[in-house]
Amino acid sequence: MTEPSTQVGGVPVAALKRHAELSELVEDARWRYYVLDQPTVSDAQFDEWFKELLSLEESHPSLQTPDSPTQKVGAPVSGDFAKVQHLARMESLDNAFDADDMAAWAARAERLAEGDPGPYLCELKIDGLAIAIVYRDGKLERAATRGDGRTGDDVTANVRTIKGVPHRLKGDDVPSLVEVRGEVYIPVEDFKKLNEQLVEQGKPPFANPRNSAAGTLRQKDPRITAQRPLRMLVHGIGIWEGSAVPKAQSEVYDRLREFGLPVSDLYKVVPGLTEVNEFIHYYEVHRHDPAYEIDGVVVKIDDFRTQRELGSTSRAPRWAIAYKYPPEEVNTKLLDIQVGVGRTGRVTPYAVMEPVVVSGSTVERATLHNAAIVKKKGVLIGDTVVLRKAGDVIPEIVGPVAALRDGSEREFVMPTHCPECGTELAYEKEGDADLRCPNARSCPAQIRERIYFAAGRRALDIDGLGYVAATALTQPLPPQQPVVRTEADLFDLTLEQLLPIKSVVRDQDTGLPKIDPKTGEQKVVSFFSNINGEPSANARLLIEELERAKQVPLAQLLVALSIRHVGPPTARDLAGAMRSIDAIMNASEEELAAVEGIGPRVAATIKEWFEVDWHREIIERWRAAGVRMEDEPAPEKGPQTLAGLTFVVTGTLEGYTRDAAKDEIEGRGGKVASSVSKKTSFLVAGENAGSKYDKAVSLGVPILDGAGFEILLKDGPDAAAEVAVTPEAE
């Protein structure tokens with residue numbers, strides 16, 4: 001008996017099998033993505049499969065045949081539209097995923113061009129649908145999808161309905177024949193509204209903006225396409241005849257804009273790879289500034305002659321590359337929808353999912369806000385869903401992958417009673433979106449969340465009172481009773497009370513008990529005592545921090561009370577005007593509303609809070625424990641040199657924290673706002689200023705750096721205006 005061969009044609013059998021498996025997966029994914037507009041795998045998963053295919057073919061060149069997915073562009077055309085031949089082949093782009101990939105691409109281009117191929121044009125990679133539009137003698141003749149790169153679907157009637165796409169080009173020097181390439185997309189905000197409408201109509205929502213654009217463009221009835229907010233941006237040409245051909249990509253953009261075609265302003269021509277990488281990094285940080293989804297940056301050699309010298313491979317140009325950002329969207333399974341209760345009693349649905357890595361962290365829970373949002377998103381328990389996590393932003397479910405439903409999915413039903421105290425849930429007033437637990441005084445969840453909030457940096461700033469400690473104090477294991485039943489108990493705590501406490505560990509995002517994966521039971525901790533039963537370092541720290549917290553400023557004390565609508569800015573306004581808790585508690589609504597930044601609505605809420613007996617008990621118990629209830633008399637105001645002016649502070653200023661810079665401005669009578677608008681007098685911008693700087697530039701708001709800020713404080717606004725950068729408003 002002979003041993004089975006481990007190789008075929010010099011290629012290991014395992015490699016052959018894996019190549020065949022990956023080829024089938026990639027082809028199926030392409031068909032669903034390009035033709036059906038119903039992708040069932042995430043972009044990240046597709047990229048991973050494709051990279052593995054490329055790696056196999058690099059190791060075993062005989063696997064790279066004309067039929068390999070790595071040698072193809074796009075996918076076959078659909079069967080629903082007439083087929084048209086492109087005037088010039090529409091190619092795909094090779095991908096780069098890091099600085100080394102970019103350096104390798106640039107080095108190869110330099111070698112093939114026998115010299116520096118720059119400058120480079122950098123532009124945003126819109127996550128939309130590629131399109132080619134032919135204009136003959138200035139008139140829109142035909143529009144087609146990319147298809148397989150040579151043949152596409154004729155979608156002319158639908159493209160004619162897209163706002164911003166001209167039916168006739170402007171000017172006297174338009175080419176006799178030009179084919180422009182671009183990307184069709186739906187703006188992010190419009191995508192959300194469209195999905196809500198589809199769910200209301202009982203139709204499955206789109207998984208993401210790209211698929212909503214593709215599905216809309218492939219509507220058989222152009223009247224439906226016309227009702228949806230499609231947009232297009234042009235990013236290149238395929239054919240140009242009958243007039244002088246521009247010499248560079250950037251010149252093409254200038255000419256196309258003159259013709260009335262929609263061209264993005266968010267591109268830049270740079271001299272070398274250093275500047276290319278700076279552009280890439282900038283938009284990785286500002287990825288969500290544009291109105292549309294982007295998934296990377298496209299880098300092109302700007303000069304057309306150099307482009308022609310470099311040519312193309314079987315599927316992609318050598319003179320361009322797409323730098324792909326780390327994926328912010330992945331697919332995962334929605335296992336359940338549960339609810340958590342917040343400090344104000346708001347009951348919030350949360351998605352419980354199969355753990356998945358996205359944007360560098362493992363995610364298994366995501367908020368769904370309220371029952372109406374669950375319905376708007378069209379998600380069912382058991383769905384495969386698209387999960388999005390943009391950097392540090394809270395994870396969000398975008399929508400379901402409806403194509404993967406098998407009928408076992410079920411709708412979420414909002415509970416009628418509080419999951420922690422059993423009180424019947426209710427809306428505070430007609431028309432509210434959020435159900436709340438009205439048992440504010442004794443609902444364990446609300447007490448836990450309020451205690452944790454009160455210990456936060458902007459309130460009592462208690463280091464030893466994190467979420468685990470707040471849970472332990474308010475919800476120890478039976479038969480023990482909570483040592484903190486309301487906020488009133490907080491400053492009466494002793495070491496002796498803390499020692500016996502054992503508590504269930506809860507998830508900070510949802511408030512739900514954590515489960516030990518080994519035992520399948522709830523996780524339990526003894527937080528305030530060590531193995532010998534003596535006070536732990538956590539216990540001693542908490543007692544010390546509580547003593548220190550008795551002297552926090554009045555504004556922080558007000559924040560700690562969890563008065564609705566009284567966050568740090570409002571608390572500072574109140575404390576600055578009233579100076580004591582008694583003055584606030586005894587003030588009339590009219591007196592409260594007269595405080596700058598308060599207004600009648602917030603004044604009514606504050607007055608209502610202090611009229612509740614157990615709220616007043618908190619104040620009196622804290623007072624008896626030695627908590628300071630008033631600030632020192634207000635210092636005499638210095639010259640109000642900045643009165644009537646509004647400032648925004650952003651970035652890192654040398655010698656000042658953000659709050660310190662704000663105090664300096666307000667001490668001189670100025671107002672500090674959180675966002676830039678036409679009413680902003682100056683933007684004070686330190687290092688890493690970000691999007692507020694860009695907004696100021698677009699609005700023509702004067703900008704001060706650190707040195708200019710010093711001049712502002714010392715010499716006033718007139719002197720500062722002389723050194724400020726004042727851009728021209730767009």
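# Notebook: look-ups in a predicted model

I began with His369, which is partly exposed because its relative accessible area is 36%, between the limits of 20% and 50%. I looked up its backbone next and found a positive phi of about 70°, although His369 is not a glycine. His369 sits in the loop that joins strand E16 (361-367) to helix H11 (371-377). I note here that I am working from a predicted model.

**Another positive phi.** I turned to Arg579, where phi is near 75°, a positive value in a residue other than glycine. Arg579 belongs to the loop between H17 and helix H18 (581-586), and with a relative accessible area of 24% Arg579 is partly exposed.

**The chain as a whole.** I counted secondary structure and obtained 25 helices and 24 strands. The C-alpha trace spans about 85 × 85 × 50 Å along its principal axes, and of the 730 residues in the chain 48% are buried. I also looked at how the contacts are spread along the sequence: among those with a separation of 6 or more, 66% are between residues 24 or more positions apart.

**Cis peptide bonds.** I checked omega and recorded a cis peptide bond from Gly118 to Pro119, with omega near 5°; Pro119 is placed in the loop between helix H3 (99-113) and strand E5 (120-126). I recorded a cis bond also from Pro478 to Pro479, with omega near 10°, and Pro479 falls in the loop between H13 and helix H14 (495-498).

**The N-terminal helices.** I looked up His19, which is part of helix H1 (residues 13-35). Is His19 buried or exposed? His19 counts as buried, because its relative accessibility of 9% is under the 20% limit. Leaving out neighbours within four places in sequence, I found His19 in contact with Leu53, Leu56, Glu57, Leu63 and Ser68. Three of these names, Leu53, Leu56 and Glu57, come back in my list of the buried residues of H2, which also holds Asp47, Trp49 and Phe50. Residues three or four places apart on an α-helix point the same way, because there are 3.6 residues a turn. I then tested the length of helix H2 (residues 43-59): at 1.5 Å a residue its 17 residues should span 24 Å, and the end C-alpha atoms are 24 Å apart, which agrees. For a long-range distance I took His19 and Glu430, which are 411 residues apart in sequence and, from C-alpha to C-alpha, 60 Å apart in space.

**Arg223.** I located Arg223 in helix H7 (residues 222-226); Arg223 is exposed, because its relative accessible area of 62% is over 50%. I took the distance from Arg223 to Ala157, 66 residues away along the chain, and their C-alpha atoms are separated by 9.4 Å.

**Cysteines.** How many disulfides does the count come to? The count comes to zero disulfides. Cys421 is in none, since the nearest cysteine sulfur, that of Cys437, is 3.5 Å away, whereas a disulfide needs the sulfur atoms within 2.5 Å. Cys443 is in no disulfide either, with the sulfur of Cys418, its nearest, 3.8 Å away. I compared their surroundings as well: Cys421 is partly exposed, with a relative accessible area of 28%, whereas Cys443 is buried at 0%.

**Helix H12.** I went on to helix H12 (residues 444-454), which is mostly covered, with eight of its 11 residues buried. I listed the buried residues as Ala445, Gln446, Ile447, Arg448, Glu449, Arg450, Ile451 and Ala454. Their cover includes strand E14 (329-341), helix H13 (467-474), H16 and helix H21 (613-624).

**The second largest pocket.** I computed a space of about 1800 Å³ for the second largest pocket. Its lining has 41 residues, and those closest to the centre are Arg572, Asp573, Lys662, Asp663 and Glu666. Elements that each supply at least two lining residues are helix H16 (554-560), helix H17 (568-578), strand E21 (646-650), helix H22 (658-667) and strand E22 (671-672). Which element gives the most to the lining of the second largest pocket? H17 does, with seven residues. By class, I divided the lining of this pocket into 15 nonpolar, nine polar and 17 charged residues.

Technical notes: Residues numbered from 1 in each chain as written. Predicted model: local features only at pLDDT ≥ 70, side-chain atom pairs only at ≥ 80, totals over all residues. Heavy atoms only, no water. Helix = DSSP H or I, 4+ residues; strand = E, 2+ residues; numbered from the N terminus. Buried < 20%, exposed > 50% of the residue type's maximum accessible area, 1.4 Å probe, protein only. 1 Å grid on protein atoms, 1.4 Å probe; cavity = no way out; pocket = protein on both sides within 12 Å on 5 of 7 lines; lining within 4 Å. Points joined across faces, edges and corners; volume = space filled by probe spheres on them. Nonpolar A, V, L, I, M, F, W, Y, C, P; charged D, E, K, R; others polar. Expected span 1.5 Å × (residues − 1). Contact = heavy atoms within 4.5 Å.
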